[in-house]
Amino acid sequence: MILDAPTADTPAAYAAAADEILAEYVTDDGLDGLDVDMERSLTAAQVARVTGVFRALSEHLGPQSGTDRLFIYDTNQEGTHPLTAGIAPYVSYVLVQSYGRSVSGLQSTWESYAPYFDACQYLIGFSFYEERGQDWGDTTEPFDASRAAQYADWQPTGVTKAGIFSYAVDRDGKVPGDDTITESDFSWSTRLIERQDAATASH
């Protein structure tokens, strides 16, 4: 949407695109922010366009807007992606989709974002098993040895991260291969919140 909405590469076109995006995805639904998912490579021209739309959106969302509406950058890319430096001033939080990644690599990914974001803006994410979807192996029993629990425990060297997030939270408690739709008791989420709080308090 952010790439396709502008009719030209001008500040006026970026502002019009921002108004369209806000109306469709935020204002009309009474939401308190916008999460932009970015999982691809971009050309230099595309980076410039996305940055222009982010700048226009930042007048209404995020830390430069003077409002409490959140502007979130949600990505599976490293901080070395050429878009990062351009959009960082406009973003409330960066969410790094760390599904299936080794804990040993979390520090280097954080270091790629550290020039642009404070640790209190930085969250890493794991995934529950989504029906007929990818099994990332983040929530396998036993809980204490799971990747999700290790993500809750992990902190960047010398600083404290904002927290962790989950993908497919409605699937909390499902084992890989279970594609039934049932109500969750959020037992994993409850324990992970406690674990994250304890890790933050002791850091």
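**Exercise 1. Work out which element gives the largest share of the lining of the largest pocket.**

Start with strand 1, which supplies the largest share, 5 residues. (A strand is a DSSP run of E with at least two residues, a helix a run of H or I with at least four, numbered from the N terminus.) Next, look at who else chips in: helix 1 (11–25), strand 1 (33–38) and helix 2 (44–57) each supply at least two lining residues.

Before going on, note that this is a predicted model: local features need pLDDT of at least 70, side-chain atom pairs count only at pLDDT 80 or more, and totals for chains, interfaces and linings use all residues. Residues are numbered from 1 along each chain as its sequence is written, and side-chain values use heavy atoms, with hydrogens and water left out.

Finally, sort the lining by type: 13 nonpolar, no polar and 3 charged residues. (Ala, Val, Leu, Ile, Met, Phe, Trp, Tyr, Cys and Pro count as nonpolar, Asp, Glu, Lys and Arg as charged, the others, Gly among them, as polar.)

**Exercise 2. Decide whether T75 is buried or exposed, and find what its side chain reaches.**

First, place T75: it sits in strand 2 (residues 70–75). Then check accessibility: T75 counts as buried because its relative accessibility is 0%. (Buried means under 20% relative accessible area, exposed over 50%, partly exposed in between, with a 1.4 Å probe and protein chains only.)

Now follow the side chain of T75. It reaches the backbone oxygen of M38 at 2.7 Å, and also the backbone nitrogen of Q77 at 3.0 Å.

Conventions
Polar contact = N/O pair within 3.5 Å; in protein donor to acceptor, adjacent residues only side chain to side chain.
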